[in-house]
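Q: Please take a close look at one part of this structure and what surrounds it. A connected account is preferred to a list.

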Amino acid sequence: MHLRPLLVLGAALAVSLSAQSIKYDFGPGAAPAGWTKVTPDLAYTDARGFGFETPPGSTLVPFSGGRDPVKGDGVASSAPFFFTFKVPSEGNWRVTVTLGEPAEKSLTTISAEIRRLMVLHAATAPGETKEVTFLVNTRTPEIPGGTTVRLKPREKQGEAIAWDDRIQLEFNDAHPAVAALTAERADEVPTIYLIGDSTMTDQPGMPTTSWGQFLPIFFKNTVAIANHGESGESYHDFRTELRLPKLLSVLKPGDWVISQFGHNDEKERSRGPEFGAFKNYATEMRNYTREIRAKGAHLVLVTPMQRHAFADGRVQNTHDDYPDAVRAVARELDVPLIDLTAMSDRMMNAMGEKASWQLFSRGQDTTHHSPYGAWELAKCIVQGLRDANVEPAKWIRDDIPAFDPAKPDPVSSFTVPDCPRRTGAGGGGRRGGPAGGKAADDPSKPYGS
């Protein structure tokens, strides 16, 4: 055993995790004092606590030539790659990435954790550097008092690992070039928590994508988005799996929760007479509202989006009276409401039966969405916050225009790069998995939600 390399490695990890501040200097040059050097050959290991994860076909190329010891060298690629690093505690982290290289122009899109879009098409000219800053929320399954969230297999060792002590960043686009990265605790910022089912969760691989994964790009870097949604969840399951207690344990006064359940709650009517839209579903919404408000946080209720179900050229309601129950509880308890059922209805009717398939994953999944569909639904959520005139509307980026669901964007205007992760086909990255993966649609459930 070579003791000296292990000692050096341990010292580097200790420096990078000290004082809740992390500093990584990429590229071949020497790192300044207080920075951890990351050369292109360093693959991620738990022992090291940081490193690259490259999908098949991706090669990292070092660059140098700049005078600045941090910004003057780095790594670049013509294909997507991942960088993963450990953090010493869960919560919000402010990440700043320095982009650009001395001799080439760069174009970089950054996603965090499981495909949460943070930076889109950041461009630099040759010799130019640019710093981009965004907030990443991390979480672990432990709950104060000794209990833990009852995670699904895919959340523990499968394709959707995000309940851990690591941040994974995906660098994508035509020519991503990264010179440096810093991360520091951001306890002072408010958090918007998302709770719900597979239509808003962090979907692990292409082509299926949720609106929750695109929501961060629409907000300023003064608020964190924490997606606690998970596939297959109802209000009842979210509580019994201890996901609600976990949420309540981290909520701070001034935080917000956006809640969108329904697709799976509808399946629970077979459990007994106490299950139904105006029975347990409405009761759970009332209880969630009271428990979240007791923490000094605020709730926004969202009706479930329409499925692709047409008759006589018009969208049909497959949700029965569940959207009405959400609307009723929102009126009763004075909870802000985003009527995504109505907004998606207008959008799909405007597009028509054939064209609206572009909103959905694989062109045959009637419930889950393509990246383009997730983008359009995220715009609906953003506009819904504005229409409700709630505090999170103040945190939306100033350059985001108003959105009319009856006038959806042409699919040709959607330019978010494809993620290398593909469900069922591998695609690289610790969370994407080297091969295989559970299909997004569960044939045992009517709508695979």
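A: What follows describes strand β18, then the sheet and the helices around it, and last some individual residues elsewhere in the chain.

The model is a predicted one. The protein has nine helices and 21 strands, and 59% of its 449 residues count as buried. Among contacts between residues at least 6 apart in sequence, 75% join residues that are at least 24 apart.

Strand β18 covers residues 298-302, and four of these five residues are buried. On one side β18 is joined to strand β17 (residues 256-260) by four bridges, with the two strands running parallel. Within this pairing, I258 is opposite V300 of β18. The other partner of β18 is strand β21 (residues 337-338), again parallel and held by two bridges. There V302 stands opposite I338.

These pairings belong to an open sheet of five strands, whose order is β16-β15-β17-β18-β21 and whose pairing is parallel. The edges are taken by β16 (224-227) and β21; each has a single partner strand, so one side of each is left without a neighbour in the sheet. Further along the order, β15 and β17 run parallel and are joined by five bridges, with Y193 paired to V257 of β17.

The connection from β17 to β18 passes through helix α6 (residues 277-294), and the three elements form a right-handed β-α-β unit. Helix α6 has 18 residues and spans 24 Å between its first and last C-alpha, close to the 26 Å expected at 1.5 Å a residue. Its buried residues are A277, N280, Y281, A282, E284, M285, Y288, T289 and I292. Their cover includes both strands of the unit, β17 and β18, together with β15 (191-196) and the helices α4 (235-240), α5 (243-250) and α7. Just after α6, G296 has a positive phi of about 80°.

A second helix that packs on β18 is α7 (residues 322-333). Its buried residues make contact with β18 and β21, and also with α6 and α8 (340-351). Helix α7 has 12 residues and reaches 17 Å from first to last C-alpha, close to the 16 Å expected at 1.5 Å a residue. The residues buried in α7 are Y322, P323, A325, V326, V329, A330 and L333. Because they cover an arc of only 160° around the axis, they lie on the same side of α7. The general background is that an α-helix has 3.6 residues a turn, so residues three or four places apart point the same way.

Both ends of α7 have a residue with positive phi in the adjoining chain. Before the helix, D320 is found in the loop between β20 (314-315) and α7. D320 has a positive phi of about 55° although it is not a glycine, and its relative accessibility of 47% makes it partly exposed. After the helix comes D334, with a positive phi near 55°.

Two further backbone features can be placed by their loops. L242, in the loop between α4 and α5, has a positive phi of about 70° and is not a glycine. P207, in the loop between β15 and α3 (211-214), is joined to M206 by a cis peptide bond with omega about 0°. As a general background, most residues other than glycine have a negative phi, and most peptide bonds are trans.

Two buried polar residues complete the account. H368 lies in the loop between α8 and α9 (371-388). Its relative accessible area is 1%, which is under the 20% limit, so H368 counts as buried. The side chain of H368 makes polar contacts with the side chain of S198 at 2.7 Å and with that of D365 at 2.9 Å. R154 is located in helix α2 (residues 153-157). R154 is also buried, with a relative accessible area of 11%. Its side chain forms a polar contact of 3.0 Å with the side chain of E230 and one of 3.3 Å with the side chain of S231.

To return to the starting point: β18 has β17 as a parallel partner and β21 as another. The buried residues of α6 have β18 as part of their cover, and those of α7 pack against β18 as well.

Note on methods. Residues numbered from 1 in each chain as written. Heavy atoms only, no water. Buried < 20%, exposed > 50% of the residue type's maximum accessible area, 1.4 Å probe, protein only. Pairing = 2+ DSSP bridges. Right-handed = clockwise from strand over helix to strand, strands pointing away. Polar contact = N/O pair within 3.5 Å; in protein donor to acceptor, adjacent residues only side chain to side chain. Expected span 1.5 Å × (residues − 1). Arc of directions from axis to C-beta. Contact = heavy atoms within 4.5 Å.
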